[in-house]
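Trainee: Could you take a close look at one part of this model with me? I would like to see how a single spot fits into its surroundings.

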Amino acid sequence: MEDKAIMQVLTKRYPKNCLLTVMDRYLAVVRNMEQVVMIPSLLRDMQLSTHGYHAQAGDSDLYNYFTMLKAIRMDMEHGLLPRQEWQAKVAGGKAEGAETEAGEMEEAEEESVLGQLDLEAQFHLHFASLHHILTHLTLKAEEVTRRYQEKMGQAV
């Protein structure tokens, strides 16, 4: 009986702009990207080019997008690392004293600003930002998949 309840939750349809819909779509598109891209190293040195955007020197290649999109999917499905582990990972495990102090001051300033906003405003700000970011990342995953298929001669 419990399995039936879980299946109902998983198959429930949400409104188009619901965050859960956007999250489900992102996860599905990234899973599809992972299934299509059999040789990720072929994405190296291929630049993202979407809707009039031309790659500039120093832009990430499709391989970097591929690994970033996969990592975000893993975080969404399995949860985030604890904050200290995440900071150590980002810093490469080497936290300099001055950098730590600057980070703590910046964090205190951010908390001060956020403390001035009410919780509902904070929620709407983060909700809208997350919705926008997930939609943007979904488009990036679709582009990586499309470009890989073009390179492999499987354009749809």
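Is T135 buried, partly exposed or exposed, and why?

Mentor: Happy to! Keep in mind as we go that this is a predicted model. T135 counts as partly exposed because its relative accessible area is 35%, and the band for that label lies between 20% and 50%. This residue is found in helix α6. Along the chain, T135 and Y26 are 109 residues apart, yet their C-alpha atoms are separated by 7.3 Å. That pair is a good way into the picture, since Y26 is one of the buried residues of α2.

Let's step back for a moment to see the whole chain. It has six helices and zero strands, so the pattern read along the sequence is simply α-α-α-α-α-α, where helices and strands are DSSP runs. Of its 156 residues, 20% count as buried. Among the contacts in the chain with a separation of 6 or more, 71% are between residues 24 or more positions apart. The pair T135 and Y26, 109 residues apart, gives you a feel for such a separation.

Now back to α6, the helix that holds T135. It covers residues 119-152. With 34 residues at 1.5 Å a residue, α6 should span 50 Å, and its end C-alpha atoms are 49 Å apart, which agrees. Just after α6 comes G153, which takes a positive phi of about 75°.

Next, meet the helix that holds Y26. Helix α2 runs over residues 19-36, and its 18 residues should span 26 Å; the end C-alpha atoms are 26 Å apart, so expectation and model agree. The buried residues of α2 are L19, V22, Y26, L27, V29, V30, M33 and V36. What covers them? The cover includes α3 and α6, so let's take these two partners in turn, with "buried" meaning under 20% relative accessible area.

We can start with α6. The axes of α2 and α6 come within 9 Å and cross at roughly 20°. That makes α2 roughly parallel to α6, because angles under 35 degrees get that label. The crossing of this pair is left-handed. Sorted by type, the residues of the contact of α2 with α6 divide into 15 nonpolar, six polar and two charged.

The other partner is α3. The axes of α2 and α3 come within 10 Å and cross at roughly 130°. That makes α2 oblique to α3, and the crossing is left-handed. On the α2 side, the contact is made by M23, Y26, L27, V30, R31, M33 and E34, and on the α3 side by F66, L69, K70, I72, R73, M76 and E77. These residues divide into nine nonpolar, no polar and five charged. Notice that Y26, L27, V30 and M33 are on the list of buried residues of α2.

One side of the triangle is still missing: α3 with α6. Helix α3 takes in residues 62-78, and its axis comes within 10 Å of the axis of α6, crossing at roughly 130°. That makes α3 oblique to α6. Here too, α3 passes α6 in a left-handed crossing. From α3, the residues L62, Y65, F66, M68, L69, I72 and M76 meet L134, L137, K140, A141, V144 and R147 in α6. The residues of this contact divide into eleven nonpolar, no polar and two charged. L134 of α6, which takes part in this contact, sits right beside our starting residue in the numbering.

Finally, have a look at the loop between α2 and α3, where R44 lies. R44 is partly exposed because its relative accessible area is 42%. Leaving aside neighbours within four places in sequence, R44 is in contact with D61 and Y63. The C-alpha atoms of R44 and F66, 22 residues apart along the chain, are separated by 9.9 Å. F66 is already familiar as one of the α3 residues that meet α6. D45 has its place in this loop as well. Its relative accessible area is 69%, so D45 is exposed. Phi of D45 is near 65°, a positive value in a residue other than glycine.

So, starting from T135 in α6, we reached Y26, and from there the cover over the buried residues of α2, which includes α3 and α6.

Methods:
Residues numbered from 1 in each chain as written. Predicted model: local features only at pLDDT ≥ 70, side-chain atom pairs only at ≥ 80, totals over all residues. Heavy atoms only, no water. Axes fitted to C-alpha atoms, helices over the stretch in contact; angles between N-to-C directions. Helix = DSSP H or I, 4+ residues; strand = E, 2+ residues; numbered from the N terminus. Parallel < 35°, antiparallel > 145°, perpendicular 65-115°, else oblique. Left-handed = near helix turned anticlockwise from the far one by under 90°. Contact = heavy atoms within 4.5 Å. Nonpolar A, V, L, I, M, F, W, Y, C, P; charged D, E, K, R; others polar. Buried < 20%, exposed > 50% of the residue type's maximum accessible area, 1.4 Å probe, protein only. Expected span 1.5 Å × (residues − 1).
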